[in-house]
Structure formats: structure tokens, C-alpha cells
Amino acid sequence: MTHLERPPASDGEGIDGILQAGHFGGIAPAALAQEFGTPFYVYDLDMIGRRVDALRTVLPSRFRVAFAVKANPALAVIAHLRRCGLGADVASGGELEAVLRAGFEPSKIAMTGPGKREAELAAAVAAGIGFVTVESVGELRRLEAIADAAGRRQPILLRLSVTEDAHMETVRLIGGVEGKFGMPLATVYEAARYAAASPHLEPLGLHAFGASNLRDADQLADHVAELVEIARQVAVDAGFALKVVDAGGGLGIPYADDERPLDLDRLGGRLAALQARWATDAALRDLEVVLEPGRFLVGPAGAYVARVVDTKGPESAPVAILDGGINHAVRPTLVRSEHRLAVLSEGVRALVRTTVAGPLCTGLDVFTTGAMLPRPRVGDLVALLDVGAYGFTESMPLFLSHPTAAEVAIKNGKARLIRPRITPTELLDRQTDPDW
Ligand SMILES: Cc1ncc(COP(=O)(O)O)c(C=O)c1O
């Protein structure tokens with residue numbers, strides 16, 4: 001047992017956030033910083049497993065879960081989710097390569113997302129994935145040709161576009177307009193008829209992603225209900241048996257202290273009532289509903305940890321500069337959603353209104369300008385919480401040529417480096433100055 005191998009904290013049964021009693025998965029942050037250096041991301045795989053269980057416990061029998069790999073594509077994380085029994089939703093050839101390497105059964109892989117290149121579609125067909133979600137009529141034709149050339153009949157879903165309000169807080173499905181994602185309803189009808197008549201395509205059903213970060217169980221359930229009803233009508237019209245409806249992700253998590261978590265029991269209750277209704281409908285007899293959450297499963301189970309390298313300003317309103325910022329964690333700035341921060345210091349200190357910023361030469365590189373935090377000192381560790389999803393993967397690591405963040409995973413009280421930091425030297429070594 002190394003100094004990093006500790007029994008999990010006694011309160012290690014929670015699912016609300018990786019920082020429990022000042023520890024990550026039972027390990028002191030200072031021990032992780034000593035072993036792996038800073039900055040680093042840390043993920044509690046046991047907590048991810050508990051979040052998977054919490055969701056699956058409330059889902060009725062016809063629902064299955066595919067992890068949206070875009071939320072956190074780290075190999076150790078996706079392999080863990082595969083061992084938990086989940087499928088995977090990939091959005092690129094790179095993510096497809098990752099899930100295949102992580103050992104996902106091809107039949108449990110879905111590929112969804114705009115702008116799939118021919119090589120990516122061909123890789124999906126060759127791998128024999130469960131279904132490709134088609135985003136446009138052009139993509140439908142390209143996929144058909146690829147499946148034909150490969151001698152396969154490719155299972156597909158057709159993606160319905162969704163009209164969102166400006167803040168993406170509510171879902172409005174019917175009448176979805178032409179846009180980047182999916183197709184309007186009239187186009188979906190046409191595409192479904194075309195696919196049903198093609199010997200190279202097997203339409204299974206529809207896909208629609210409602211809205212991001214919904215913590216309202218009723219909105220999520222309403223979205224599923226409405227999508228299933230539309231899919232039913234499209235399938236009947238095109239003359240294929242409706243087998244799959246994919247309602248996307250969007251299961252939300254709290255980012256601020258005063259936000260309430262998604263009510264899983266309510267979500268499960270509403271979905272169970274829907275499933276009971278479907279049982280009486282012959283057109284829905286074989287229906288399976290896929291949910292593809294990312295954020296909900298991994299978001300709260302990850303933190304970004306950086307060290308304070310400088311402090312300044314008055315005692316009552318200090319500014320702390322960290323050894324990493326939006327080069328490693330851009331989400332708070334990108335979507336203007338402040339994340340909770342924790343100063344992982346020993347002892348009791350006065351809470352002061354604190355600015356916490358990274359080392360980049362842009363005013364955007366600020367995590368908070370007004371959080372009440374224990375007055376930070378040089379050398380302190382600071383954790384940015386709830387970044388297990390859209391953290392490392394959604395960063396901008398090349399700006400200003402700092403090292404990338406390392407990634408560390410904790411399981412059963414053991415911490416392991418799952419992705420070493422990439423140094424500026426390594427990035428320089430990949431470049432050339434041509435001999436003009
Ligand atoms: C097609 C699709 N599925 C699933 C997800 C995952 O969403 P979330 O992490 O909000 O659950 C996304 C996110 O953008 C998506 O585009």
C-alpha cells in the first residue's frame with residue numbers, strides 16, 4: 001500500500017460530489033498533489049458507479065443507458081462505465097476508436113452528431129455499431145452508399161431537430177426548424193420512407209436531444225413522451241416497426257449551492273407510467289428507449305485541482321492566481337456558469353470575498369470574482385468542483401503553452417494516473433521550422 005492507497009472515507013457512499021470530508025475518494029488532496037503534481041483532474045470512479053446505479057435503479061425495464069462519451073472520453077472512465085454495463089454514444093471517429101479500445105460491444109455503441117465524415121461513417125459501419133443517428137438527408141444517402149459498399153444493412157435512427165428557447169431551459173419538439181442538429185419533422189417523415197425502402201438501411205426509430213442540464217424531471221419525462229408519440233406516427237407512416245427511441249441526454253446536475261438535484265424518483269415514476277401506457281399499444285410493443293446522459297453520470301464525480309502561485313490585493317478582497325485556469329477548465333467561462341470552488345487549506349481561516357484566476361493573459365481566465373472563500377495563501381490547493389463532465393475534454397490546453405492538466409482516477413481508495421500531463425516541450429517536438 002502506498003501513501004495514496006487509503007480506505008474509502010466512511011461517508012464514501014454519497015453521489016453528490018467528489019469532495020467529501022475534505023477528501024477525494026478517501027484520499028487527501030495534498031497527497032494527490034505530491035504524487036502527481038498540479039494542476040490535475042481527479043475522478044472518483046466509485047462515485048460514478050454509484051451515480052450509474054442511482055439512475056438505473058429508477059429506470060423502468062425498457063430503458064437503457066448509453067454514456068455520452070463527449071462528456072468525458074478518458075479511457076479509464078469509459079472503460080469503467082463499460083464495466084458498469086452501459087452502452088456508449090460517440091460523436092466522432094476518435095470517440096468511436098476510444099470506446100472500441102475500452103472494450104464496448106459494438107452493438108452497444110451509437111454514433112450521433114452533425115458533420116460525420118465519410119471515413120467516420122465507414123468506421124461505424126465496419127465496426128457493426130448498434131445504430132447511427134442520421135442528421136440530414138445528405139448523410140442518409142452517404143451512409144446508404146457506405147453500407148451498400150460494405151455489404152451491410154445499417155441500423156439507423158433519424159434525428160429530429162428541436163426548437164429550444166434562448167436559454168436551453170425548456171424543450172419544444174414539434175416544429176423543430178432546420179438547423180445544425182437533426183431534421184425538421186417533415187424531412188424526418190420523408191427520410192423515414194426513404195430508409196424503410198432501402199435494402200441497405202434499417203430504420204429503428206427516432207432520436208431527439210431535448211435540452212441541456214435539465215433538473216426538472218417532468219420536462220425530461222414530457223420530452224420522452226412526446227418523442228415516442230412522434231416516432232410512433234413516423235414509423236406507422238413509413239411502415240417500419242418502431243424498435244428504438246433515443247431521447248438524448250440532458251439530465252442535469254446542480255452547479256450552485258442553491259440548486260436542487262434532479263428528482264430521480266419522480267423521473268422514474270413518470271417514465272414507469274409512460275411505459276405502462278406503451279404496453280397497451282401494439283405499435284410500441286417492441287420499443288426500447290435509450291437515454292444518453294453524460295453530465296449526470298460523471299459531472300459531480302470530478303474536480304480540477306490547481307495550486308495558488310500568487311496572491312495580491314487587500315486582506316478583505318484578495319486575488320489568488322492559480323497554476324492553471326481556462327486552459328484546463330473553460331466551461332465556467334464558456335457557458336457563464338460559475339462552478340463551486342473549494343480552498344483545500346488546513347485549519348480555520350476567515351471567509352473573504354475572493355477572486356480566483358488562472359495564469360493566462362486574458363481577462364476571461366477568471367473562475368470567480370466574488371466567492372466567499374477561506375483567504376487563500378501561496379501554495380494552497382484550490383478545487384474547481386463538478387467538472388467531471390465537459391472539463392478536461394472541453395478545455396483549450398494550447399493557449400499560452402502551459403503543460404496540460406494530468407488526469408487521475410480513484411477507485412477502491414487507490415489513485416492512479418490515467419493520463420500524464422503533456423509538456424510544452426512535447427508539443428514543440430512535434431513542430432518543424434521548414435528549411436525554406
Ligand atoms: C447527441 C447528444 N447526446 C448526449 C449528450 C449528452 O448530454 P448531457 O451531458 O447533457 O447529458 C449530448 C450533449 O451535447 C449530445 O449532443
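**View 1. Gln 219, a partly exposed residue in a predicted model.** Here's why Gln 219 counts as partly exposed: 17 other C-beta atoms lie within 10 Å, and a buried residue would need 20 or more, an exposed one 12 or fewer. Gln 219 sits in helix α8, which covers residues 217-238. If you pan over to Leu 121, you have 32 Å to travel from C-alpha to C-alpha. Along the sequence, Gln 219 and Leu 121 are 98 residues apart. Keep in mind for this and every other view that the model is predicted.

**View 2. How sure the predictor is, and the stretch at residues 6-11.** Averaged over the protein, the pLDDT comes to 94, and 94% of the residues score at least 70. Residues 6-11 are another story, with a pLDDT below 50. In the model, that stretch still has 15 contacts beyond near neighbours in sequence. Where pLDDT is low, don't read the predicted coordinates in detail.

**View 3. The barrel and the helices lying on its strands.** Eight strands close up into a barrel, and the pairing is parallel. Going round, the order is β4-β5-β6-β7-β8-β11-β12-β13. From one strand to the next, the twist averages 30°. For a look at one pair, take β6 (residues 109-111) and β7 (residues 131-134), which are parallel and share two bridges. Ala 110 stands opposite Phe 131 of β7. Helix α7 (residues 185-197) packs on the sheet and touches β7, β8 (154-159) and β11 (201-207). The direction of α7 makes about 155° with that of β11. Helix α4 (residues 93-101) lies across β5 (87-90) and β6, and runs at about 160° to β5.

**View 4. The shell around the ligand.** In this close-up, 18 residues surround the ligand. The closest are Ala 68, Gly 249, Pro 293, Gly 294 and Arg 295. Sort the shell by class and you get seven nonpolar, seven polar and four charged residues.

**View 5. Helices α2 and α9 crossing.** The axes of α2 (residues 45-58) and α9 (residues 264-278) come within 8 Å and cross at roughly 35°. On the α2 side, the residues meeting α9 are Ala 54, Leu 55 and Val 58. Their counterparts in α9 are Leu 264, Asp 265, Leu 267 and Gly 268. By class, this contact brings together five nonpolar residues, one polar and one charged.

**View 6. Strand β19 and two antiparallel partners.** Why is β19 (residues 381-385) largely enclosed by the rest of the structure? Because four of its five residues are buried. Strand β14 (residues 302-312) runs antiparallel to β19, and five bridges join them. Strand β16 (residues 341-343) is also antiparallel to β19, joined by three bridges. Leu 384 of β19 is a handy landmark: Tyr 304 stands opposite Leu 384, and Leu 384 is the bridge partner of Leu 341 as well.

**View 7. Strand β17 between β15 and β18 pairings.** Which way does β17 (residues 351-357) run against β15 (residues 319-322), parallel or antiparallel? These two pair in the parallel sense, over three bridges, with Ala 320 opposite Val 356 of β17. With β18 (residues 366-374), β17 pairs in the antiparallel sense over six bridges. In that pairing, look for Val 352 opposite Leu 373 of β18. As you step along, remember that side chains in a regular strand alternate between the two faces of the sheet.

Key:
Residues are numbered from 1 along each chain as its sequence is written. This is a predicted model: local features need pLDDT of at least 70, side-chain atom pairs count only at pLDDT 80 or more; totals for chains, interfaces and linings use all residues. pLDDT is the predictor's confidence in each residue, from 0 to 100. Two residues are in contact if their C-beta atoms, placed from the backbone, lie within 7 Å. A residue is near a molecule or strand if its C-beta atom, placed from the backbone, lies within 6 Å of it. Ala, Val, Leu, Ile, Met, Phe, Trp, Tyr, Cys and Pro count as nonpolar, Asp, Glu, Lys and Arg as charged, and the others, Gly among them, as polar. Two strands pair if DSSP finds at least two bridges between them. Axes are lines fitted to C-alpha atoms, for helices over the stretch in contact, and angles run from 0 to 180 degrees between N-to-C directions.
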